[in-house]
Amino acid sequence: MTREEYEERMSALEAETARAREVHIAAKSRFDALCDKQRVLRTAWQDQQKAAAASEKAAQATVAPAGFVIKNSAYPCRTKPHRGRHVHAAAYRTGTVSLTTACNKQQDEETVDHLDEDTPVTCPPCQRNTQG
Ligand SMILES: [Zn+2]
């Protein structure tokens with residue numbers, strides 16, 4: 001290629017790169033904004049859940065800690081991931097050291113705390129999937 005062709009192709013690529021960079025920056029700031037919105041929503045939800053749990057607790061003096069005590073033979077285990085917040089209803093998969101939760105997560109027995117079967121399940125999907 002001639003120098004002229006080279007410079008023409010390079011400047012076309014540079015222009016395209018600059019456009020892609022703008023798109024990338026716009027997408028990144030949209031991504032960040034969406035992450036922020038998710039965080040805000042999650043926090044609002046958690047606050048609402050806490051408030052609901054607190055008022056329910058106040059209404060019923062005998063109520064157990066937040067969460068449901070659930071007896072469900074399909075998910076007899078109660079697990080809490082080491083860095084997790086929620087107690088899940090779980091069951092060992094036959095012949096493995098892995099558990100499947102009622103909310104359909106896979107857990108390795110090494111990465112979760114194993115709790116008493118009477119421990120209230122606090123994971124909302126697990127609560128839904130083990131009732132009725
Ligand atoms: Zn769960």
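**Close-up 1. Arg39 and Asp36 form a salt bridge in helix α1 of this predicted model.** Arg39 and Asp36 are three residues apart in helix α1, so about one helical turn separates them. The closest N and O atoms of the pair are 2.3 Å apart. Arg39 is partly exposed, with a relative accessible area of 47%. Asp36 is also partly exposed, at 37%.

**Close-up 2. Asp32 and Lys28 are joined by a salt bridge.** The N to O distance between the two side chains is 2.9 Å. Both residues belong to helix α1, where they are four residues apart, about one turn of the helix. Asp32 has a relative accessibility of 32% and counts as partly exposed. Lys28, at 42%, counts as partly exposed as well.

**Close-up 3. Glu7 forms a salt bridge with Arg3.** Between these residues, the closest N and O atoms lie 2.8 Å apart. Glu7 and Arg3 are both in helix α1, which covers residues 3–59, and they are four residues apart, about one turn of the helix. Arg3 counts as exposed, because its relative accessibility of 62% is over the 50% cut-off. Glu7 is partly exposed, with a relative accessible area of 42%. How many salt bridges does the structure hold? The number is three.

**Close-up 4. A zinc ion is coordinated by one histidine and three cysteines: His88, Cys103, Cys123 and Cys126.** The donor atoms are ND1 of His88 and the SG atoms of Cys103, Cys123 and Cys126, at 2.0 to 2.3 Å from the ion. Why is the arrangement tetrahedral? The four donor atoms subtend angles of 105 to 117° around the zinc ion, and these fall within the limits of 85 and 135 degrees. Along the sequence, the donor residues follow the spacing H-x14-C-x19-C-x2-C. Two of the donors, His88 and Cys126, link distant parts of the chain, 38 residues apart. His88 lies in strand β2 (residues 88–92), whereas Cys126 lies in helix α2 (residues 124–129). Are His88 and Cys126 buried or exposed? Both are buried.

**Close-up 5. The side chain of Thr122 makes a contact with the backbone of Val87.** Where does Thr122 lie? Thr122 is in the loop between β5 (112–115) and α2. A polar atom of the Thr122 side chain is 2.8 Å from the backbone nitrogen of Val87. Thr122 and Val87 are 35 residues apart along the chain, and their C-alpha atoms are separated by 5.1 Å.

How values were computed. Residues numbered from 1 in each chain as written. Predicted model: local features only at pLDDT ≥ 70, side-chain atom pairs only at ≥ 80, totals over all residues. Heavy atoms only, no water. Donors = N, O, S within 2.8 Å, 3.2 Å for Na, K, Ca; no water. Tetrahedral: all angles 85-135°; square planar, octahedral: opposite > 155°, others 65-115°. Buried < 20%, exposed > 50% of the residue type's maximum accessible area, 1.4 Å probe, protein only. Polar contact = N/O pair within 3.5 Å; in protein donor to acceptor, adjacent residues only side chain to side chain. Salt bridge = Lys/Arg side-chain N within 4 Å of Asp/Glu carboxyl O.
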